[in-house]
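Trainee: Could you please choose one part of this model and take me through it slowly, in connected prose, and then show me how the rest of the chain is arranged around it?

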Amino acid sequence: MFCAVCKVDLNDSTTEMEVSGKDGMVKVVNVPCAVCPSCNACVVDSLSAEVVRKAAKKSKDDTLDFDKMKGVGIMAGKISL
């Protein structure tokens, strides 16, 4: 994957996201992303972003760890939690 601005290879990394949840905002840590080494742009793929949004909507916690999410299933392009 290449940076849309710098046209250099992106590096695998993790980031944090804040999304609207069941009882307010939910912080999700360790979300996989790709980061540009030149401009530090961070790209989260759409599948990971959708997993984060769905998990946050069901969560009663104010912080989630992407690495520890259980019960995530991906089948035929659909995400189930």
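Mentor: What follows is a close look at helix H1, and then at the strands and loops of the chain.

Before we begin, note that this is a predicted model, in which local features need pLDDT of at least 70 and side-chain atom pairs count only at pLDDT 80 or more, while totals for chains, interfaces and linings use all residues. Residues are numbered from 1 along each chain as its sequence is written, and side-chain values use heavy atoms, with hydrogens and water left out.

The protein chain holds one helix and six strands (DSSP runs numbered from the N terminus, a helix being H or I with at least four residues and a strand E with at least two). Along the sequence these elements follow the pattern β-β-β-α-β-β-β.

The helix, H1, covers residues 46-58, and its 13 residues reach 19 Å from the first C-alpha to the last, which is close to the 18 Å expected at 1.5 Å a residue (the expected span is 1.5 Å times one less than the number of residues). At its start, a side-chain oxygen of Asp45 comes to within 3.0 Å of the backbone nitrogen of Leu47; as a general measure, a polar contact is a pair of N or O atoms within 3.5 Å, where within protein one must be able to donate a hydrogen and the other to accept it, and residues adjacent in sequence count only if both atoms are side-chain atoms.

Which residues of H1 are buried? They are Ser48, Ala49, Val51, Val52, Ala55 and Ala56, where buried means under 20% relative accessible area, exposed means over 50%, and partly exposed is in between, with a 1.4 Å probe and protein chains only. Seen down the axis of H1, these buried residues fall within an arc of 160°, so they line one face of the helix (the arc is that of the directions from the helix axis to the C-beta atoms). The face turned away from that buried side carries the exposed residues Ser46, Lys57 and Lys58.

Ser48, which has its place in H1, is buried with a relative accessible area of 8%. Leaving aside residues up to four places away in sequence, Ser48 touches Pro32 and Phe66, contact meaning heavy atoms within 4.5 Å.

After the helix comes the loop between H1 and S4, and in this loop lies Ser59, which is buried with a relative accessible area of 8%. A polar atom of the Ser59 side chain lies 2.9 Å from the backbone nitrogen of Asp61, and, again not counting residues up to four places away in sequence, Ser59 touches Lys22 and Leu64.

Now let us turn to the strands, where two strands pair if DSSP finds at least two bridges between them. Strand S1 (residues 11-21) and strand S2 (residues 24-35) pair in the antiparallel sense over ten bridges, forming a hairpin with two residues between them. Within this pairing, Glu18 has Lys27 in S2 as its bridge partner, and Gly21 stands opposite Gly24 in S2.

S2 also pairs with strand S3 (residues 42-43), in the antiparallel sense over two bridges, with Cys42 in S3 as the bridge partner of Val35. The hairpin of S2 and S3 has six residues between the strands, and there Asn40 takes a positive phi near 65°. With strand S4 (residues 63-65), S2 pairs in the parallel sense over three bridges, and Val29 has Asp65 in S4 as its bridge partner.

In the segment before S1 we find Asp9, which counts as partly exposed at 47% relative accessibility. The C-alpha atoms of Asp9 and Pro37 are separated by 8.0 Å, although these residues are 28 residues apart along the chain. Pro37 is also among the residues that Asp9 touches, together with Met1 and Phe2, not counting residues up to four places away in sequence.

Finally, for the whole protein chain, 28% of its 81 residues count as buried, and residues 24 or more positions apart account for 50% of the contacts with a separation of 6 or more.
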